[in-house]
Amino acid sequence: MDILIITLQPIETLTSAMFRTLAITRGLSEQGHNVDFLCIPDNQLQSKKREQEFLKDINIIRTASNGAFLEARKIISGEKKTFKKFVVKFARKLWHMFCVYDNTIRIANNVSISSLPKKEYDVIISSSDPKSSHIAAMNLINQGLKYKKWVQYWGDPLALDISKENIYPRCILKYIEGKIIKNANKVVYVSPFTMEKQKNLLPKYADQMAFYPIAYMEEKIYPPTKNEVFTLGYYGNYDSMVRNIIPFYVACKKFNEDIHVDIIGDSDLRLEATEHICIYPRGDILNFEANADLIVCVLNSFGTQIPGKIYHAAGTNKKILVIVDGDYTEQMKAYLNSFNRYFICDNNIESIVEGIRIAKESEATLMPLKELNYQYISKALIE
């Protein structure tokens, strides 16, 4: 089949959403489908050149860049504090408050069918985040792009997105979201709880909705570590508005020199490093992951989404501790326990201490979850 995948991020971007999309892309390509991948130019922000072998079989198509966004970033990243820099920062903050989408909406609105090598596909898959990826697909279809099936592959939904501040009431976002998904043949969510919530929120389109867990892009079988002390790794953002990492941080302090902890990610918090807890900004975590004895994931403080890193980590042979939090605590535990792969605890100090202790003492032999393999998930999705 001829498949067009649309996502308005650079393919080089190191985000959970891009990993999820690339996992599906790799699976479809290896199944023998012809894949065109429409993305935006590499903006050198939070990205790294990829050398994955499978990318040579993908026809990567770049949209025009967002010149205004790149210019604004250049001004903001300048070292000098200028009035122009202050104005641009204020304007960006104001724009994000009033805009439903992010800066890529300008690209989505200007995307041209002339950039595509084909004018007809068997399947179009628009993948968010960013949500403007679906708008780009709509605009291409309005320009005459033909297709047999259109699949919208969603991360965070629009009206229920806990990560974006917006001045619009949910009813407005719900109306906009309905207009986006109504023409899709299938709307795929990556959390069963998000899917059920969306079915209740938009019952008119419930029959179009489906759930598939996130696929990991590659299996990684690491050799045993040679750590003198048990080493934990938390890799990912931990903004206090989204997830609460403090109980984990405090629990780790109680172990003193019995463990080593690496926390890597962006946050509005400023955690203090100790002799056995290292704090790093966002960065490449591959070497850290290889050296970890236990990978730690903290669920969101509220909402229905499940962080992608839980699924990505399941592609390794590492121990994984999931710290459950939020509105669906018991449901999340039941769902995660169904995989028989994770160590699970609640997001309080006592439970986390016990969870780390159990994982530390466990002699279980763990392997990647086959049911989350990119080949398995992409095949199920396309069928």
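Begin this tour of a predicted model by selecting strands β2 and β3 (residues 59-62), which pair in the parallel sense over four bridges. Within this pairing, display Cys 39, for which the residue standing opposite in β3 is Arg 62.

Next, extend the selection to the whole of β2, residues 34-39. This strand is mostly covered, with five of its six residues buried. Add strand β1, residues 2-6, which runs parallel to β2 and is joined to it by five bridges. To locate the register of the two strands, show Ile 5 and, opposite it in β2, Phe 37. Now colour helix α1, residues 16-30, and follow the chain: it leaves β1, passes through α1 and arrives at β2 in a right-handed β-α-β crossover.

Move on to the six-stranded sheet. Select its strands in the order β10-β9-β8-β11-β12-β13; the sheet is open and its pairing is parallel. Turn to the edges, where β10 (277-280) and β13 (343-346) are found. Each of these has a single partner strand, so one side of each is left without a neighbour in the sheet. From one strand to the next, the twist averages 20 degrees.

Inside this sheet, select strand β8 (residues 230-235) together with strand β11 (residues 294-298); the two run parallel and are joined by three bridges. Display Tyr 234, whose bridge partner in β11 is Val 296. Then add helix α8, residues 246-253, which packs on the sheet. Helix α8 touches β8, β9 (259-264), β10, β11 and β12 (319-324), and its direction makes about 155 degrees with that of β9.

A further helix to select is α12, residues 349-361. It lies across β8, β9, β11, β12 and β13, and runs at about 165 degrees to β13.

Finish with the cysteines. How many disulfides does a search of the whole structure find? The result is zero. Two cysteines are worth selecting in turn. Is Cys 171 buried or exposed? Its relative accessible area is 54%, and because the threshold for exposure is over 50%, Cys 171 counts as exposed. Cys 252 has a relative accessible area of 0% and is therefore buried, the cut-off for that class being under 20%.

Notes. Residues numbered from 1 in each chain as written. Predicted model: local features only at pLDDT ≥ 70, side-chain atom pairs only at ≥ 80, totals over all residues. Heavy atoms only, no water. Disulfide = S-S within 2.5 Å. Buried < 20%, exposed > 50% of the residue type's maximum accessible area, 1.4 Å probe, protein only. Pairing = 2+ DSSP bridges. Right-handed = clockwise from strand over helix to strand, strands pointing away. Axes fitted to C-alpha atoms, helices over the stretch in contact; angles between N-to-C directions. Contact = heavy atoms within 4.5 Å.
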